[in-house]
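Student: I have a structure open and some words I want explained. Can we go through them by question and answer?

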Amino acid sequence: MKNLQPFAGTYMLRPKLATFCLVFFLLTSTVSAAGLPVKLNAVDTPNDKGESITLTIEGLPQEASEVEYELLRSAVEDNSFQVVEGWSVKDTVFVDDNVENGVEYLYVLKGTEDQDVQFSAVVGPVISRGQWFNTERTNVLLGVAICFLFILGFVLYARRGKKFYVRPIAGLQAVDNAIGRATEMGKPILYSSGLGKMDRVATMASMNILASVAEKTAEYNTPLIFPNYDPVVMATAQEVVFEAYSKAGHPEAFNPDNIFFVTQSQFGYAAAVNGIMTRQLPATNLFFGTFEAEALILAETGNSVGALQIAGTDSTIQLSFFIVACDYTLIGEELFVASGYLTKDPQILGSIKGQDFLKALVVLLILIGGIAGILGWNWFVKLFSIG
Amino acid sequence: MSKKHEMARRIPIIVCFVFGLFMLVQFFVPHRLSGAAYETVLDWMQIVFVFTLLVGAISYAKLNVKKVSRTESGWGYNAIGLVGLAVMVILGLWKGTGEETPFLWMFNNVQAPMQSTMFALLAFFVASAAYRGFRARSWEAGLLLVVAIVVMLGRVPLGSFISHWIPDAANWILRTPSMAAKRGIYIGIGLGTISTSLRIILGIERTYLGGK
Amino acid sequence: MPRQLIFVLIALSVAVPLVIKIGLPNEVTSEVMRVYEEIDRLDSGSVVLVSFDHEASSLPEVKPMALAILRHCFSKDLKVIGLALLAEGTSIGDQVLRETADEYERLYGKDYVFLGFRPQYQAAMLGMGEDIRRVFPEDYSGTPLIRLPMMRKVENYEDVALIVSVADGDMPVWWVDYAVSRYHKRLAVAATAVMATSFYPFLSSGQMIGLLGGLKGAAEYEILIDKPGMGQRGMDAQSVCHLVIVLLVIAGNVGYFMRK
């Protein structure tokens, strides 16, 4: 819906146009000398791609009357007024989106009662244009700028050698033990990144953890099985694992058949992974990514085969199921911290620090918002609305 | 690192930066030109996605054919998978996917019931997980137990049959403390998403390229 | 207690009430009432976009909700545009839409259309905000949209009064991100019970105008439109099943404390 703010007054007519309008009135035989007592304003609709003019009409009667009103438009070059489709007398604010960019338009309101015809003052010329910046989204731009500042600021700070502390995350600390367990038992590790595609941030975080896990499984020569829901994730995972094996000095141990595509059907995937678990009996299950309803099915089956399970997901609902059924769970953004936590990359740790400060800012805004709500400061709430 | 390899890594990073920045900037630019470019990018996204489906189908077929041809352990299941894939593709291309076609019959009478059955397994798993997991080992666990019982009863007609306080309490739990906790997690996830997205656009995060 | 015994108890608790009707009364919650009131206040001829964002697996849970909402829409003479952003929702959505349209003798092309499936849901949602015909040049059966009388007046979200997402995953969140935040559309959600609880923050903030949650949501909506269906029938089974789970949890705790 377009924002229909009150506009400034009528445009000043140029001399030639003023003459045209005067002639127009004199030539109309049934024109009343008084004119319609309405105020018509027309401006280019702001913050849009153009081809739109917004009109405000004040002074129209609210109750039913015998006067029939019509809104007329003319391009200045055409010199002929046509009825504007879609306007009705109830519309005190109307958006005319049947105009062309760059063309000068005039508007007038016509009232007819029996044989008597009256016109309002002609407004215009007004030209519709597309804007290059949506001013209603200035608050979003400011928010983006603040996020950039915090995150980039800390990344640059980290590049200068500053070390940032990240608290211990039990789930990630347990990954090493889980891999060791599988090695000792001589059983494979099952890895799943859930249902997310590569554009999901949780899937990217999962790939980071996969890189670290793969490096260790390469060192210990533990089989790593990774059934995939998405073919692009599969291709990425194969690259990630190969790089990890190469980094560990065992590229020959990499088996691409262990990282395979299954199906893009949610429960078909769950059935396939369950089958793999019951047949291959993995010692460790690692579930990191986006999971939906199949989460509990996977976790319960893993539990039934006696696997140690570590899970992390961005889904709030499935977290509850994982907490019940798994041994360790990464909650919320602990999953996104994984890449920095495991690699100790200073830039990533810096961005995590920036994230934390942003969270503190959000908490502060929530507190202020709560107080604003109690005190009735609606202007504060409006600061956060998006145009 | 060879020059070719270096270029292979640099080009995707540049492409990612350009398109990431464009999609960010166009949100603030309502002009027609920005809109036209934006719609073109959206069309490209759809086209690229369709080709990724091909990758999946080929990968699936390749792996299963390999297992069947080598008669590896469980090769019968791989053969069934291949037959299923072939049958649905042939039926869809041959008779179409509309009303009263064999494809739709297979979907309605084979695929949908099988998938619904898998979903229905959740009921059993939830019961066994709840039986195992909901133990009042501490006061927090006890509180969780009580809340779970109230919500479970409150979300079915039985709750209001027992007492109108149960559905009222269940609705309050869902609308207030549960909602507040989820909101907190969403905010954290949202900030994590912003941070990760920024790292990807700026080339700091390169996981999608297959590691470092 | 062995797992297998728990499974048998659950199976019986669901199966028996489906055969032996109990008829426990349902109460309508405010979340469902808001969806009903939103659709009810729409003028005749308003366009509602119903997106079938679910897979075949959740059919038993989402179909009753979809049927109830579509029945309400058709009874109010609203125009319905159906589409699917998940592949499996396509044929299900087409069937459900036709089934309910036939009940109310609504004509395809004039009263409802089904656009089919588009991959890459983000691009589809954003694209429809600019031009629906660019995303769906033809409907599901291959007819150009311009030839369908109903679609001649519908260009993008501006011409749609309400979006309804019938979902079994987190697709409604994407609708909020794109259609609600960017294009200021009103969104109602009909989701499986397991997903519904995660949408309460959006309900509270007004980004979703109402929410149907699982079979209970369907049952409540059926009460409001006075058309009993699978929603109400399933609530007896769900009630008994929940009671059995509660008793199992209590039994587990009793056993735990006795062993302690």
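**Reasons behind the words**

Tutor: Start with Leu224(A), which lies in strand 10 (residues 224-228) of chain A. The model is predicted.

Student: Why is Leu224(A) called buried?

Tutor: Leu224(A) has 28 other C-beta atoms within 10 Å. A residue counts as buried at 20 or more, so Leu224(A) is buried.

Student: Which residues does Leu224(A) touch, leaving out those up to four places away in sequence?

Tutor: Among them are Pro188(A), Ile189(A), Tyr191(A) and Val213(A). Pro188(A) is 36 residues from Leu224(A) in sequence, and their C-alpha atoms are 5.8 Å apart.

Student: What makes helix 4 of chain B oblique to helix 1 of chain C?

Tutor: The axes of helix 4 of chain B and helix 1 (residues 3-19) of chain C come within 9 Å and cross at roughly 130°. Angles over 145 degrees count as roughly antiparallel and 65 to 115 as roughly perpendicular. An angle of roughly 130° falls in neither range, so helix 4 of chain B is oblique to helix 1 of chain C. The crossing of these two helices is right-handed.

Student: Which residues make that contact?

Tutor: Helix 4 of chain B gives Ala123(B), Phe124(B), Ala127(B), Ser128(B) and Tyr131(B), and helix 1 of chain C gives Arg3(C), Ile6(C), Phe7(C), Ile10(C) and Val14(C). By class, eight are nonpolar, one is polar and one is charged.

Student: How many residues does each chain give to the contact of chain B with chain A?

Tutor: Chain B gives 45 residues and chain A gives 60 residues. Helix 8 of chain B gives the most to the side of chain B that touches chain A, with 14 residues.

Note on methods. Residues are numbered from 1 along each chain as its sequence is written. Chains are lettered from A and ligands numbered from 1 in the order in which they are written. This is a predicted model: local features need pLDDT of at least 70, side-chain atom pairs count only at pLDDT 80 or more; totals for chains, interfaces and linings use all residues. Two residues are in contact if their C-beta atoms, placed from the backbone, lie within 7 Å. Helices (H or I, at least four residues) and strands (E, at least two) are DSSP runs, numbered from the N terminus. Axes are lines fitted to C-alpha atoms, for helices over the stretch in contact, and angles run from 0 to 180 degrees between N-to-C directions. Angles under 35 degrees count as roughly parallel, over 145 as roughly antiparallel, 65 to 115 as roughly perpendicular and the rest as oblique. A crossing is left-handed if the near helix is turned anticlockwise from the far one by less than a right angle, and right-handed if clockwise. Ala, Val, Leu, Ile, Met, Phe, Trp, Tyr, Cys and Pro count as nonpolar, Asp, Glu, Lys and Arg as charged, and the others, Gly among them, as polar. A residue is buried if 20 or more other C-beta atoms lie within 10 Å of its own, exposed if 12 or fewer, and partly exposed in between; C-beta atoms are placed from the backbone.
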